[in-house]
Structure formats: structure tokens, C-alpha cells
Amino acid sequence: MVTSSRFTALLFQGSLVKRVATGLLLGILLALISPYLEPALGTNLAEDVSFLGQIFVRSLRSIAPILIFVLVIAAIANRKVGEKNNLKSILYLYLLGTFLSALVAVVASFMFPTTLALGDAEKSIAPPESVIQVLSTLVFNVIDNPFNALFNANFIGILAWAIGLGVALRHASDTTKSLLSDVSEAISMIVKVVIAFAPVGVFGLVASTLADRGLAALGGYIQVLAVLIGSMLFVAFVVNPILVYWKTRTNPYPLVWKCIRVSGLTAFFTRSSAANIPVNMELAQRLGLKEETYSVSIPLGATINMGGAAITITILTLAAVHTLGIEVSLPTALLLSVVATVCACGASGVAGGSLLLIPLACSLFGISNDIAAQVIGVGFIIGVLQDSTETALNSSTDVIFTAAACIEEERKSQQA
């Protein structure tokens, strides 16, 4: 009984990071011992607990749309006239960070050129045919029916409608504004309950992932994975801290490390920026950021702050270029960085995310869609690590840049 209560406290009380780390270690342990227990038990325990991870991810995804919708409306409706929310500064950081990520990927690709073993083209995919198509998809998502946007978790449409309703309700009665705040608090409480089960969810996700594929299948793609993950780590621990220091003039690493530990670690296993929005919301609240700022910037970041996606698009495209022996000039490389930035910002509006935007970047070098489709196939193979790391970088950066802009505003107000 005492042992059971201690185990429960370990999973549901104390530091979220320590609890998630506990779930992570237990998941790895179960994945390692399950093959040896399978003959005696007649089942693979690691595969059996996969439903725990699926429940956790689905819970986050289901609560995220209504959370964003209600929170943004309440924050804007209750915002005082003349109060600053730093959104312009945060948006600038999002775009600059994504562009710099693409540049880092270009440099890494030239320093460590990689080639791919390309096979038969994948026929079932339907990637966008132009950047205009990507941007038009974003526009159509903005004007989506609000109920359809909530049903399909179209965060761009949700954000647009929430901002519009929030602005309109600024002229509502105090009773209406109070009701919105109360509903917002209620939804936030539900989110806290869901996040409390993060250790159990991570346990199920880790165990099932390692049991399903493990890391052996990635052996033939070690070099391209190393360049991809190395670039993402460089952005996370060098580029982002530089941008944070530029905004805050303080040591950026305590903030960066905390966001990566809390937001990045959870996003790594959920592999969904949308599912990680509630986690980022709670982290922003714990950091003492303004609700009227982070309630808009966090979901906005989940749709356009895509440094990890820019890295994936750039490196896999240049891997195809090196495989085919195509010469790349400096102007073309810079153009690729711009295209990758635009494509990455539109990745949330395209089914399949960053991988299905690779053909757009490949078209800059005259690479056929058949070859580009094979590159996408490689992306799916290495996705067990690539997509996880990409999501961790994207999601943690949302909080990092939001916090940096808020700290800068506070610093300026103290100097005034």
C-alpha cells in the first residue's frame, strides 16, 4: 500500500519534468524487457500499453481547439485599452527564427553533404504544386467556418474567429466579459488535469514506439539524421539563445533550457505542435507571462513558427541535390532559404506537414516530382526521430520567443 502511494505520488505530484522523466525511463525499461517476457506472457507488454499514449495525445488534441478559442476571446475581450501585448515583436521573432533555421540548414548541408539511396517513387502522395497554393490554403483556412475549424482543429481558422469575436466583445457588458473569463478558467482547469497524466502518456508513447520500430531501421540513414538533428540542436542551443539575448540582454540559457525540458520533451513524444499547445499554455502561465499575449502567440506559433520544418525541407532537398550531383550557387542557396521559410510557415495548412512541401523546394533545382516523392519516402522512414525533434524545436521555441518579447517589454518599462 505504501509502495503504491509512493508510485502514485511519483507520477502525479511534484515537478512535471521529473515525472515525465520517470515515465520516459519506465517506458524504455518496458520496451527492453518485453521481448524476453513475450514467450511466457503470450503478448508484448510494450505494444499493449500503446493505448495510454494514444489516450494522452488524443486528450491534448481534443482540448486544444476549444481552449484556444475560449482563451483568445476572453483575453482580447478583457484587454484594457492601450495595453501592449507584444504580438508584433513575437511575430518578427517567429519569422526571423524560421529564416535563420533555414540558413543554418543550408550551411550544415554544404559542410556535411549527404546523399540518399533513392528507390521507387511513392505514387500515393499529392504535394502542393506551388508556393501560391500553400499560401492560398492558409487563406482558406483563415476564412473557414468556425464550427468546421473547431471540428477539424484548424488552428488558423480558430485563431482568426477568436480574434474577431474577442475584438467585437470588447464592447460587451462586464457580466459577459466575466462569464468569458470564468469559462476560460474552467477550460484551463481541465487542461491541468490532462497534463497531470503526461508521465503515463509518455510511458505509453515511448514503450510502443521502441517496441514498434526501435532505432535499428534508421541505420542506413545515420548521416542525414545526424545533419538534421545536429542542425536542430544548433538552432535550439545557439541561434535561439542569441535571439533571446538580443531581446532581453540577460543570460538566455535558463529560459531556453526550461522551455526545452518542459515543452520540448513533451512535444518530442507527442509529435504534434497542436497537442502541445495546452502544455505551452501552462508553461507560459508558470513563467508569469501575460495571458493576453501568450493566449494568442502560442497558437499562432503552432501554425507559423516552424524553424524545425524549415530545416527538414532544406536539408532533405539539398540531400537530393547532392545525390543527383547538381551544382548550387550562393544566390540559389539563399533563395532556397526564403522558399523553405515560406513553405515552413505554411506547413500547418498542408496535410503531411513539412515533408510534403519538399517537392516545392526541389523544383528550384529542376528535380522531378518522382525524385522528390522518393525523398519524402526517406523522410517518412526517419520520421521516428526527425519529426519528434522537429516538433520539439518548433513547440519549445513558441514559448521561448513569447517569453523573450515579454521580458524585453518589462525591461524597457523599468528603464523608462
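In the predicted model, S273 is placed in the loop that runs between α12 (253-270) and α13. The relative accessible area of S273 is 16%, so the residue is classed as buried, the limit for that class being under 20%. S273 and E390 are separated by 117 residues in sequence, while their C-alpha atoms are 9.7 Å apart in space. A second long-range pair is formed by L385 and F268, also with a sequence separation of 117 residues and with a C-alpha to C-alpha distance of 8.6 Å. L385 belongs to helix α19. The relative accessibility of L385 is 23%, and L385 therefore counts as partly exposed.

Another loop, between α11 and α12, contains R249. The phi angle of R249 is near 60°, which is a positive value in a residue other than glycine. R249 has a relative accessible area of 46% and is assigned to the partly exposed class.

Charged side chains were examined next. Side chains of opposite charge can pair when their charged atoms come close. The count of salt bridges in the model is 2. One of them joins the side chains of E408 and K247, with an N to O distance of 3.1 Å. Because E408 is in helix α19 and K247 is in helix α11, this pair ties together parts that lie 161 residues apart in sequence. Both partners fall in the buried class: E408 has a relative accessibility of 11%, and K247 has a value of 7%.

E408 also forms a salt bridge with K412, for which the closest N and O atoms are 3.4 Å apart. Here the two residues lie in helix α19, with a spacing of 4 residues, or about one turn of the helix. In contrast to the buried E408, K412 is partly exposed, with a relative accessible area of 44%. Through shared partners, the salt bridges join K247, E408 and K412 into one network. This network thus holds a link between helices α19 and α11 together with a link inside helix α19.

The interior was then searched for enclosed space. Rolling a probe the size of a water molecule over the atoms shows where empty space is left. The structure holds 3 cavities of 30 Å³ or more. The largest cavity encloses about 140 Å³. Its lining is made of 13 residues, and L71, S188, M281, Q285 and Y294 are the closest to the cavity centre. Four helices, α4 (50-77), α9 (174-196), α13 (277-286) and α14 (291-304), each contribute at least two residues to this lining. The greatest contribution is that of α9, which provides 5 residues. In terms of residue class, the lining of the largest cavity contains 6 nonpolar, 3 polar and 4 charged residues.

The second largest cavity has a volume of about 50 Å³. It is lined by G97, T98, S101, V235, N240, N305, G307, L393, N394 and T397. At least two lining residues come from each of α5 (87-111), α11 (222-248) and α19 (383-415). Helices α11 and α19 also carry the partners of the salt bridge between K247 and E408. The lining of the second largest cavity is made up of 2 nonpolar and 8 polar residues, with no charged residue, whereas 4 charged residues occur in the lining of the largest cavity.

On the surface, a nonpolar patch of about 690 Å² is formed by L25, I28, L29, L32, I33, L37, L41 and L210. Helix α2 (residues 16-41) accounts for the largest share of the patch, with 7 residues. One residue of the patch, I33, is located in helix α2. I33 counts as partly exposed because its relative accessibility is 36%, between the limits of 20% and 50%.

Terms used. Residues are numbered from 1 along each chain as its sequence is written. This is a predicted model: local features need pLDDT of at least 70, side-chain atom pairs count only at pLDDT 80 or more; totals for chains, interfaces and linings use all residues. Side-chain values use heavy atoms; hydrogens and water are left out. On a 1 Å grid over the protein atoms alone, a cavity is a set of points where a 1.4 Å probe fits but cannot get out, and a pocket is an open set with protein on both sides within 12 Å along at least five of seven lines; lining residues have an atom within 4 Å of a point. Grid points are joined across faces, edges and corners, and a volume is the space filled by probe spheres set on the points. Ala, Val, Leu, Ile, Met, Phe, Trp, Tyr, Cys and Pro count as nonpolar, Asp, Glu, Lys and Arg as charged, and the others, Gly among them, as polar. Buried means under 20% relative accessible area, exposed over 50%, partly exposed in between (1.4 Å probe, protein chains only). Patches are made of residues with over 30% relative accessible area and no salt bridge: like charges are joined within 9 Å, nonpolar side chains (Val, Leu, Ile, Met, Phe, Trp, Tyr) within 5 Å. Accessible areas come from the Shrake-Rupley method with a 1.4 Å probe; for residues, only the protein chains shown count as cover. A salt bridge is a side-chain nitrogen of Lys or Arg within 4 Å of a carboxyl oxygen of Asp or Glu.
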